[in-house]
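Please walk me through this structure in plain terms. I would like to know how the chains meet and what ties distant parts of each chain together.

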Amino acid sequence: MKNENLYKYILGIADNSLILGQRLGELCGHGPSLETDIACTNISLDLLGQVRSYYQYAAKIAGDERTEDEIALLRKEREYFNVLLVEQPNTDFAYTIGRQFLFDVYHLLLLHELQKSKDLTLSAIATKSIKEVSYHKRFSSDWVKRLGDGTDESKEKMQNAIDNLWTYTDELFYQTQSDKVMIAEGIGIDTSKLKDNYYRHVSELLKEATIEIPESKWFQKGGKEGIHTEHLGYLLSDLQYMQRTYPNMEW
Amino acid sequence: MIITEPHIDKELIPILEQVFDPEIPVLSIIDMGVVRSAIIENDSVKVQITTTYSGCPAMDVIGDDIKKALQEAGYNSRVELILSPAWTTDWITEKGRQALEKYGIAAPLDAEADKDVLLNGKRVVKCTNCSSQNTKLVSQFGSTACKALFKCEDCQEPFDYFKCLK
């Protein structure tokens with residue numbers, strides 16, 4: 001493929017939204033309350049909508065017969081390049097919110113920069129998505145505060161979730177070979193420059209939520225190179241079930 | 001922000017005004033501001049529409065409805081979805097805003113008021129049932145991607161608010 005680096009770069013961004021969108025979609029009809037259920041599935045819908053724009057573009061870049069659906073639904077586990085954070089399960093509502101918050105802060109910073117990309121399609125998708133993601137961040141930030149600064153039980157659960165998800169945050173700033181090539185071409189975003197801002201922002205909000213900032217400096221990574229935690233396989237078997245069972249099925 | 005006026009051939013406006021958002025059947029796609037251009041080229045019409053929210057499932061239906069309406073009027077058509085410039089609630093026309101209110105959905109306020117409403121819970125959104133200003137945000141996310149859920153503290157009715165998107 002001529003533009004393989006660009007293709008991989010697009011997937012690196014889009015796969016995060018696809019996998020997180022699928023995770024949130026699992027809560028449809030299972031949220032802790034009607035409003036939170038609707039909010040999580042609305043966020044899922046936004047993310048999947050954004051994903052369609054990215055995959056349609058990726059399909060065009062690939063230049064062969066592949067379609068957005070094939071890209072979304074027919075890759076093998078090691079061909080997905082999402083970060084480990086977004087594939088973590090909905091252990092409890094605090095995990096769902098913690099995962100969302102840790103991703104939303106990053107996502108918004110990324111999209112702000114992506115608007116300036118030399119690639120006009122990526123820049124247009126970013127400009128469109130940013131409006132939606134601002135709402136996501138408001139929602140998750142509010143809930144981190146509400147749970148963290150809530151009852152003893154909600155505080156304990158929120159703290160647990162942050163403690164356990166923290167190890168996946170550093171990977172957000174990991175750069176693959178394709179990322180580096182795209183950054184050099186002015187298309188990709190140098191995420192290492194977002195890192196200080198990210199941790200500053202996250203720490204401020206956690207402080208406000210009376211949640212202690214984890215001290216651990218040991219971080220997990222691998223997803224961006226296709227090496228995932230055990231959770232992704234289960235998620236994909238759900239996500240891909242219909243296409244695998246009824247190949248070429250369409251709505 | 002880039003604000004571009006939509007470019008729609010005059011004779012097409014009455015046809016496109018008959019196409020409505022399937023989720024909000026009182027709001028025509030012209031009043032919603034999603035039609036960015038509609039141009040007659042020979043016997044065929046090229047229509048460009050923009051999404052409101054990226055994941056809005058109504059967009060596919062709207063595309064099909066446009067084709068159907070134009071076909072009935074004797075035109076072949078091609079509908080293209082464009083991303084840029086990104087849709088904003090500012091593009092909803094005055095007529096559209098009134099239709100929303102009448103239908104029971106509070107129309108979007110300006111961006112600053114929206115921040116107040118959604119961030120600080122200030123009571124700015126008027127109840128669509130009794131016009132009271134004593135209303136409360138229940139959830140930032142409502143029955144569709146474009147709406148937030150409110151409740152009136154006076155008449156106790158729940159209602160939707162069309163979120164401001166800029």
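**Where the two chains meet**

In this predicted model, 22 residues of chain A are in contact with 27 residues of chain B. On the side of chain A, the residues that lose the most area to chain B are A:Lys128, A:Lys131 and A:Tyr135, which together account for 37% of what that side buries. The area buried between chain A and chain B comes to about 2,100 Å². Carbon and sulfur atoms give 61% of that buried area.

Polar and charged pairs also cross this interface. Six residue pairs of chain A and chain B are in polar contact, counting pairs with both residues at pLDDT 80 or more. Two elements of chain A, α2 (34–62) and α6 (120–148), give two or more residues to the side that touches chain B. The residues of that side of chain A divide into eight nonpolar, six polar and eight charged.

The rule for salt bridges finds one across the interface of chain A and chain B. It joins B:Asp60 to A:Arg52, and the closest N and O atoms of the pair are 3.8 Å apart. This pair also belongs to a network of salt bridges, in which A:Arg52, A:Glu68 and B:Asp60 are linked.

**Chain B**

Chain B holds five helices and eight strands. Read from the N terminus, its elements follow the order β-α-α-β-β-α-β-α-β-α-β-β-β. The chain has 166 residues, and 48% of them count as buried. Chain B exposes about 8,100 Å², with carbon and sulfur atoms supplying 47% of that area.

Contacts in chain B can also be sorted by how far apart the partners lie in sequence. Among contacts between residues at least 6 apart, 53% join residues at least 24 apart. A salt bridge in chain B gives an example of a pair that is distant in sequence: the side chains of B:Asp31 and B:Lys95 meet at 3.6 Å, N to O. B:Asp31 lies in helix α2 (residues 29–32) of chain B and B:Lys95 in helix α4 (residues 94–103) of chain B, so the pair ties together parts that are 64 residues apart in sequence. B:Asp31 has a relative accessibility of 9% and counts as buried, because the cut-off for buried is under 20% relative accessible area.

**Salt bridges within chain A**

Over all chains, the count by the same rule comes to 13 salt bridges. One of them is in chain A, where the side chains of A:Arg75 and A:Asp15 meet at 2.8 Å, N to O. A:Arg75 lies in the loop between α3 (68–73) and α4 (84–87) of chain A, whereas A:Asp15 lies in helix α1 (residues 4–25) of chain A, so this salt bridge ties together parts that are 60 residues apart in sequence. Are these two residues buried or exposed? A:Arg75 is buried, with a relative accessible area of 8%, and A:Asp15 is buried as well, at 0% relative accessibility.

A further salt bridge in chain A is formed by the side chains of A:Asp170 and A:Lys195, again at 2.8 Å, N to O. A:Asp170 lies in the loop between α7 (152–165) and α8 (177–184) of chain A and A:Lys195 in helix α9 (residues 195–208) of chain A, so the parts tied together here are 25 residues apart in sequence. A:Asp170 is partly exposed, with a relative accessible area of 21%, and A:Lys195 is partly exposed too, at 29% relative accessibility.

**Two buried residues in helices of chain A**

A:Gln240 is found in helix α10 (residues 231–245) of chain A. This residue is buried, with a relative accessible area of 7%. What does A:Gln240 contact, leaving aside its neighbours within four places in sequence? Its partners are A:Leu73, A:Leu74, A:Arg75 and A:Tyr80. A:Arg75 is the residue that forms the salt bridge with A:Asp15.

A:Leu110 lies in helix α5 (residues 93–114) of chain A and counts as buried at 4% relative accessibility. Not counting residues up to four places away in sequence, A:Leu110 touches A:Ile13, A:Ile189, A:Thr191 and A:Leu194. A:Leu110 and A:Lys128 are 18 residues apart along the chain, and their C-alpha atoms are separated by 13 Å. A:Lys128 is one of the residues of chain A that lose the most area to chain B.

Notes
Residues are numbered from 1 along each chain as its sequence is written. Chains are lettered from A and ligands numbered from 1 in the order in which they are written. This is a predicted model: local features need pLDDT of at least 70, side-chain atom pairs count only at pLDDT 80 or more; totals for chains, interfaces and linings use all residues. Side-chain values use heavy atoms; hydrogens and water are left out. Helices (H or I, at least four residues) and strands (E, at least two) are DSSP runs, numbered from the N terminus. Buried means under 20% relative accessible area, exposed over 50%, partly exposed in between (1.4 Å probe, protein chains only). Contact means heavy atoms within 4.5 Å. Accessible areas come from the Shrake-Rupley method with a 1.4 Å probe; for residues, only the protein chains shown count as cover. Buried area is the accessible area (1.4 Å probe) that two parts lose on being put together, summed over both. A salt bridge is a side-chain nitrogen of Lys or Arg within 4 Å of a carboxyl oxygen of Asp or Glu. A polar contact is a pair of N or O atoms within 3.5 Å; within protein, one must be able to donate a hydrogen and the other to accept it, and residues adjacent in sequence count only if both atoms are side-chain atoms. Ala, Val, Leu, Ile, Met, Phe, Trp, Tyr, Cys and Pro count as nonpolar, Asp, Glu, Lys and Arg as charged, and the others, Gly among them, as polar.
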